[in-house]
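Please look over the sequence and the model below before reading on. The paragraphs that follow lead from the whole chain to individual side-chain pairs.

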Amino acid sequence: APAFALLSLAVKLDSRGPVMFRQERMGYQGLVFRIFKFRTMHVGAERLRAEMAHLNDMEGAGPLFKMKDDPRVTRCGRVLRRMSLDELPQLLNVIAGSMSLVGPRPFVTHEAVQIEGWGARRLELTPGITGLWQVRGRNDVPFEEMVRLDYLYVANWSPWWDVRILLETVPKVLSGKGA
């Protein structure tokens with residue numbers, strides 16, 4: 001609770017708008033749920049995405065939209081993202097049962113519907129806050145590799161693998177590499 005309070009204050013003092021960002025994601029068995037994150041972008045940033053499509057760092061590699069130096073990200077948001085602190089509110093999703101600590105990352109619905117065939121097996125498990133592709137490179141992993149790693153995770157799931165991924169997540173987050 002103290003971390004949530006401090007981070008909420010930082011977000012609120014840095015830019016106008018709500019502290020939390022909610023977005024529809026596709027989860028277990030294709031069910032749509034609202035993911036919670038600390039807001040890291042200026043209000044209205046989602047509306048600008050189409051205008052910025054030509055700046056996508058992941059262009060030609062699936063439906064994801066990522067920019068290393070996205071001008072829509074706030075100062076506080078850059079720090080939150082680098083340290084993955086923007087993801088903390090997803091613990092509320094874990095408590096609600098729409099997410100788990102470890103699993104395939106839930107994609108935004110319009111991105112998730114574009115994943116077909118064996119890649120759609122990612123919907124056989126509850127999505128997680130962290131997962132295999134987060135510990136294998138985070139945002140530095142190309143889209144096709146993300147889908148492949150999620151498939152490998154689903155096809156080979158075990159509780160021990162979850163423990164290993166959780167342990168590997170800590171140094172990855174602390175390093176900030178790939179964030």
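**From the surface to the side-chain pairs**

The accessible surface of the protein amounts to about 9900 Å², and 61% of that area belongs to carbon and sulfur atoms. The model is a predicted one, and every value given here was computed from it. Of the 179 residues in the protein, 46% are buried. The protein has 7 helices and 4 strands, and these elements, read from the N terminus on, follow the order α-β-β-α-α-β-α-β-α-α-α. Among the contacts in the protein with a separation of 6 or more, 67% are made by residues 24 or more positions apart.

The aromatic side chains offer a way into the fold. A search of the whole structure finds 3 aromatic pairs, and one of them is formed by Phe 4 and Phe 38, whose ring centres are 5.7 Å apart and whose planes stand at 55 degrees, so that the pair is tilted, an angle over 60 being required for an edge-to-face pair. Because Phe 4 lies in helix H1 (residues 2–14) and Phe 38 in strand S2 (residues 32–38), the pair ties together parts that are 34 residues apart in sequence. The two partners can also be described by their accessibility: Phe 4 is partly exposed, with a relative accessible area of 23%, whereas Phe 38 has a relative accessibility of 1% and counts as buried. Another of the pairs brings together Tyr 153 and Trp 161, with ring centres 5.7 Å apart and planes at 40 degrees, so this pair is tilted as well. Both Tyr 153 and Trp 161 are buried.

Charged side chains make further links, and the structure holds 10 salt bridges. In one of them, Lys 37 meets Asp 86, with a distance of 3.9 Å from N to O. Lys 37 belongs to strand S2, while Asp 86 sits in the loop between helix H2 (75–82) and helix H3 (90–96), so the pair ties together parts that are 49 residues apart in sequence. Lys 37 also forms a salt bridge with Glu 87, and here the closest N and O atoms are 3.6 Å apart. Since Glu 87 is likewise placed in the loop between H2 and H3, and Lys 37 in strand S2, this pair ties together parts that are 50 residues apart in sequence.

Are the residues of these two bridges buried or exposed? Both Lys 37 and Asp 86 are buried, and the relative accessible area of Lys 37 is 14%, which falls under the 20% that sets the limit for a buried residue. Glu 87, with a relative accessible area of 18%, is buried too.

A salt bridge within a single helix is found between Glu 168 and Arg 164, where the closest N and O atoms are 2.8 Å apart. Both residues lie in helix H7 (residues 159–175), and they are 4 residues apart, about one turn of the helix. Arg 164 has a relative accessibility of 47% and counts as partly exposed. Returning to Lys 37, salt bridges that share partners join this residue with Asp 86, Glu 87 and Arg 105 into one network.

Which residue is joined to Glu 87 by a polar contact of 2.3 Å between side chains? The partner is Gln 90, a residue of helix H3 that is buried, with a relative accessible area of 0%. Leaving aside residues up to four places away in sequence, Gln 90 touches Ile 35, Phe 36, Lys 37, Met 99, Arg 105 and Ile 129. Two of these neighbours, Lys 37 and Arg 105, are also members of the salt-bridge network.

The surface deserves a last look. Leu 91, Leu 101 and Leu 166 form a nonpolar patch there, and together they have about 220 Å² of accessible area. Within this patch, Leu 101 is placed in strand S3 (residues 100–102) and is partly exposed, with a relative accessible area of 41%. Ala 155, in helix H6 (residues 143–155), is also partly exposed, its relative accessible area being 37%. Ala 155 and Arg 121 are 34 residues apart in sequence, and their C-alpha atoms are 8.2 Å apart in space.

Key:
Residues are numbered from 1 along each chain as its sequence is written. This is a predicted model: local features need pLDDT of at least 70, side-chain atom pairs count only at pLDDT 80 or more; totals for chains, interfaces and linings use all residues. Side-chain values use heavy atoms; hydrogens and water are left out. Rings of Phe, Tyr and Trp (its six-membered ring) pair if their centres lie within 6.5 Å; planes under 30 degrees apart count as stacked, over 60 as edge-to-face and the rest as tilted. Helices (H or I, at least four residues) and strands (E, at least two) are DSSP runs, numbered from the N terminus. Buried means under 20% relative accessible area, exposed over 50%, partly exposed in between (1.4 Å probe, protein chains only). A salt bridge is a side-chain nitrogen of Lys or Arg within 4 Å of a carboxyl oxygen of Asp or Glu. Patches are made of residues with over 30% relative accessible area and no salt bridge: like charges are joined within 9 Å, nonpolar side chains (Val, Leu, Ile, Met, Phe, Trp, Tyr) within 5 Å. Accessible areas come from the Shrake-Rupley method with a 1.4 Å probe; for residues, only the protein chains shown count as cover. Contact means heavy atoms within 4.5 Å. A polar contact is a pair of N or O atoms within 3.5 Å; within protein, one must be able to donate a hydrogen and the other to accept it, and residues adjacent in sequence count only if both atoms are side-chain atoms.
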